[in-house]
Amino acid sequence: MRVKICGITSVDDALLAVDAGADALGLVFYPPSPRNVTPEQAAEIARAVSPFVVLTGLFVNAHPEQVEAVLQQVPLNLLQFHGDENAPYCRQFRRPYIKALRMRPELDPVEVMAGFPDARGILLDAYRKGVPGGTGDTFDWQRVPRDSGRQIILAGGLTPENVASAVAAAHPQAVDVSGGVEASPGRKDAAKVTAFIRAARAACAGQTELTQGV
Ligand SMILES: O=C(O)c1ccccc1N[C@@H]1O[C@H](COP(=O)(O)O)[C@@H](O)[C@H]1O
């Protein structure tokens, strides 16, 4: 079970997430978000964390020049496209990327993810009209495809309290959280981050024991 803590806005929050065991950190380059960071802030965060932590840059329908400008300044390991980007858009940057799908009721995730064969992972998030993400909303975890052969990252309204149930229901390869581990918008809460990562990993370990008959 891999855990990404998204919406990191400061070096302190980056270090507390890494110390708690985060595999990946998310940096939001989307000005309407309360978690938006400038390339300069992101570069400072990048300098402070281990090179073995996956630094992820989140964009929403950004102009390609904006993405390129960030890439010039910040050593991102992974791009996360959280808007209506299509596969040619996503692959133009020649960087590993994950594609977020927002789970509108009529969306068939298996069909849509087939259109992103080169995505390193598919992030499934809740859908709220007019808001691209970071809503704190959950969706029906039974809709997460099983045995898709893809790396599924579950997101949307996850918290230290519900992540174990989410993992048990959806069997994702990774989970991603933003608002559920905050003290206030854009500020992480160390105790919540620690509790979230522990709960996600414990739920996954419990499943492995069940399937192996331990
Ligand atoms: O975090 C944001 O502000 C954000 C803004 C625009 C698009 C996506 C955003 N965050 C991503 O949304 C999901 C779910 O967040 P939450 O846990 O429900 O708060 C997650 O993938 C974040 O990376």
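## A tour from helix α1 to the ligand

Start by selecting helix α1, residues 11-19: D13, A14, L16, A17 and V18 are buried there. Keep in mind as you click around that this is a predicted model. If you wonder about the spacing of such positions, an α-helix has 3.6 residues a turn, so residues three or four places apart point the same way.

Next, step just past the end of α1 and pick G21. Its phi is positive, at about 110°.

Now zoom out to the whole protein chain. You should be able to count seven helices and ten strands. Rotate the C-alpha trace and you'll find that it spans about 50 × 40 × 30 Å along its principal axes. Is that in line with a compact globule? A chain of 214 residues packed that way would have a radius of gyration near 17 Å, and the protein chain comes out at 16 Å, which agrees.

Colour by burial, if your viewer can: 41% of the 214 residues count as buried. Contacts are worth a look too. Taking those with a separation of 6 or more, 55% are between residues 24 or more positions apart.

Last stop, the ligand. Select the 26 residues around it, and look for C6, S33, G133, G134 and G179, which come nearest. Then highlight β2 (24-28), β6 (121-125) and β8 (174-177), the elements that each give two or more residues to this shell. What is the shell made of, by residue class? Colour it that way and you get ten nonpolar, 13 polar and three charged residues.

Conventions: Residues numbered from 1 in each chain as written. Predicted model: local features only at pLDDT ≥ 70, side-chain atom pairs only at ≥ 80, totals over all residues. Near = placed C-beta within 6 Å. Helix = DSSP H or I, 4+ residues; strand = E, 2+ residues; numbered from the N terminus. Nonpolar A, V, L, I, M, F, W, Y, C, P; charged D, E, K, R; others polar. Buried ≥ 20, exposed ≤ 12 C-beta atoms within 10 Å, placed from the backbone. Rg over C-alpha atoms; globule rule 2.2 N^0.38 Å. Contact = placed C-beta atoms within 7 Å.
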